[in-house]
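Walk me through this protein model. Start from a single residue and work outwards to the whole chain.

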Amino acid sequence: MKQFNKLVYPYMVWAFIMIVLPMIMIVLYAFTVKGNDVLTFQFTISNFTRFFSDTIFPSVLWRSLKMAFFTTLICIAIGYPTAYFMARMKPKSQGLTVLLITLPMWINMLVRTYAWKGILARTGWPSEVRVYIGMVYNFLPFMILQIYNALNKIDPALIIAANDLGANSRQTFRRVILPLSLSGVVSGITLVFLPAVSSFFIPKLLGGGRYVLIGNLIEDYFISTGDWNFGSAISMIMAIIILISMYVTRKLDKEPKEASD
């Protein structure tokens with residue numbers, strides 16, 4: 001046990017330095033006045049009241065939530081049929097399709113987004129459409145793989161039993177396959193919605209700076225304007241939204257399991 005603790009300590013120190021300490025700094029900046037030094041902190045909630053008192057910032061937050069919501073819906077609409085057909089293929093074909101889907105992910109997301117910037121530059125499409133394309137392209141594999149894994153775990157005996165009891169293919173899908181695969185859908189929602197709502201470089205590159213999301217605001221206030229206090233307040237608001245989203249998705253993930261039990 002003591003040896004195990006010795007092995008754990010370096011990871012605890014790393015987690016504190018890389019995760020806990022930055023979070024403490026963000027909270028500290030969010031609740032203090034700009035220009036404080038180490039010894040004279042002045043606590044305030046003005047950074048949060050500033051966010052909600054101006055109509056611009058809540059509208060950007062709403063735009064980010066709407067973008068992430070519809071990106072997730074599009075990924076489900078494309079990802080579920082794709083994963084379903086993959087799960088029905090022969091094992092060798094399944095391995096090949098999984099490779100084809102994961103192959104683009106071997107390339108850095110920033111590089112892939114730059115490639116789409118060059119492709120979409122000649123189309124003349126609106127900035128919003130370009131950002132949607134970039135979002136769906138980058139996050140769709142996460143949705144497909146999660147649903148595919150859930151479908152692959154379904155016991156074929158359940159489908160055979162449903163057919164023996166007189167259920168047709170549509171009834172079998174609706175009453176057996178879909179409920180048992182919802183855990184994959186929920187996991188996919190988590191892996192798509194959360195990064196989409198906080199993404200900043202996809203709208204920055206593909207939107208040409210004309211389609212600002214909440215991630216772009218945070219980046220601007222930390223890097224361009226140097227107002228770390230307000231940027232930290234926006235980051236905290238986003239962190240709360242992400243925690244709420246994770247809680248909701250976990251509840252949705254538990255309900256199908258409880259129903260099946």
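Ser 245 sits in helix α11. Is Ser 245 buried or exposed? Its relative accessible area is 15%. The cut-off for buried is under 20%, so Ser 245 counts as buried. Setting aside neighbours within four places in sequence, Ser 245 contacts Phe 193 and Leu 194. Keep in mind that this is a predicted model.

Now the overall fold. The protein chain has 11 helices and 0 strands. Along the sequence the pattern is therefore α-α-α-α-α-α-α-α-α-α-α. The C-alpha atoms fill a box of roughly 75 × 60 × 35 Å along the principal axes. The protein chain has 261 residues, and 34% of them count as buried. Consider contacts with a separation of 6 or more. Residues 24 or more positions apart account for 70% of these.

Next comes the nonpolar interior. How many residues does the largest nonpolar core have? It has 50. Those with the most contacts inside this core are Phe 51, Met 135, Leu 151, Ile 214 and Ile 234. Several helices each supply at least two residues: α2 (46-53), α3, α6, α8, α9 (201-206), α10 (214-224) and α11 (228-260). Helix α6 gives the most, with 12 residues.

Take Ile 214 as one example from that list. Which residues does Ile 214 touch, not counting those up to four places away in sequence? They are Phe 51, Val 60, Leu 61, Ser 64, Val 197, Ile 234 and Met 238. Phe 51 and Ile 234 are themselves among the core residues with the most contacts.

Charged pairs come next. A search of the whole structure finds 2 salt bridges. In one of them, the side chains of Asp 227 and Arg 50 meet at 3.0 Å, N to O. This pair links distant parts of the chain. Asp 227 is in the loop between α10 and α11, and Arg 50 is in helix α2, 177 residues apart. How accessible are the two partners? Asp 227 has a relative accessible area of 10%, so Asp 227 is buried. Arg 50 has 35%, so Arg 50 is partly exposed.

Glu 219 and Lys 204 also form a salt bridge through their side chains, at 3.2 Å, N to O. Glu 219 lies in helix α10 and Lys 204 in helix α9, so this pair ties together parts that are 15 residues apart in sequence. Glu 219 has a relative accessible area of 16%, so Glu 219 is buried. Lys 204 has 44% relative accessibility, so Lys 204 counts as partly exposed.

Last, the open space. About 260 Å³ lies in the largest pocket. This pocket is lined by 13 residues. The closest to its centre are Tyr 84, Ala 87, Arg 88, Ile 159 and Ile 177. Which elements give two or more residues to the lining? They are α3 (56-87), α6 (127-152), α7 (156-164) and α8 (169-198). Helix α8 gives the most, with 5 residues. By type, the lining divides into 7 nonpolar, 4 polar and 2 charged residues.

Compare the two helix lists. Helices α3, α6 and α8 each supply at least two residues of the largest nonpolar core. These helices also give two or more residues to the lining of the largest pocket.

Conventions. Residues are numbered from 1 along each chain as its sequence is written. This is a predicted model: local features need pLDDT of at least 70, side-chain atom pairs count only at pLDDT 80 or more; totals for chains, interfaces and linings use all residues. Side-chain values use heavy atoms; hydrogens and water are left out. On a 1 Å grid over the protein atoms alone, a cavity is a set of points where a 1.4 Å probe fits but cannot get out, and a pocket is an open set with protein on both sides within 12 Å along at least five of seven lines; lining residues have an atom within 4 Å of a point. Grid points are joined across faces, edges and corners, and a volume is the space filled by probe spheres set on the points. Helices (H or I, at least four residues) and strands (E, at least two) are DSSP runs, numbered from the N terminus. Ala, Val, Leu, Ile, Met, Phe, Trp, Tyr, Cys and Pro count as nonpolar, Asp, Glu, Lys and Arg as charged, and the others, Gly among them, as polar. A nonpolar core is a set of buried Ala, Val, Leu, Ile, Met, Phe, Trp, Tyr and Cys residues joined through side-chain atoms within 4.5 Å. Buried means under 20% relative accessible area, exposed over 50%, partly exposed in between (1.4 Å probe, protein chains only). Contact means heavy atoms within 4.5 Å. A salt bridge is a side-chain nitrogen of Lys or Arg within 4 Å of a carboxyl oxygen of Asp or Glu.
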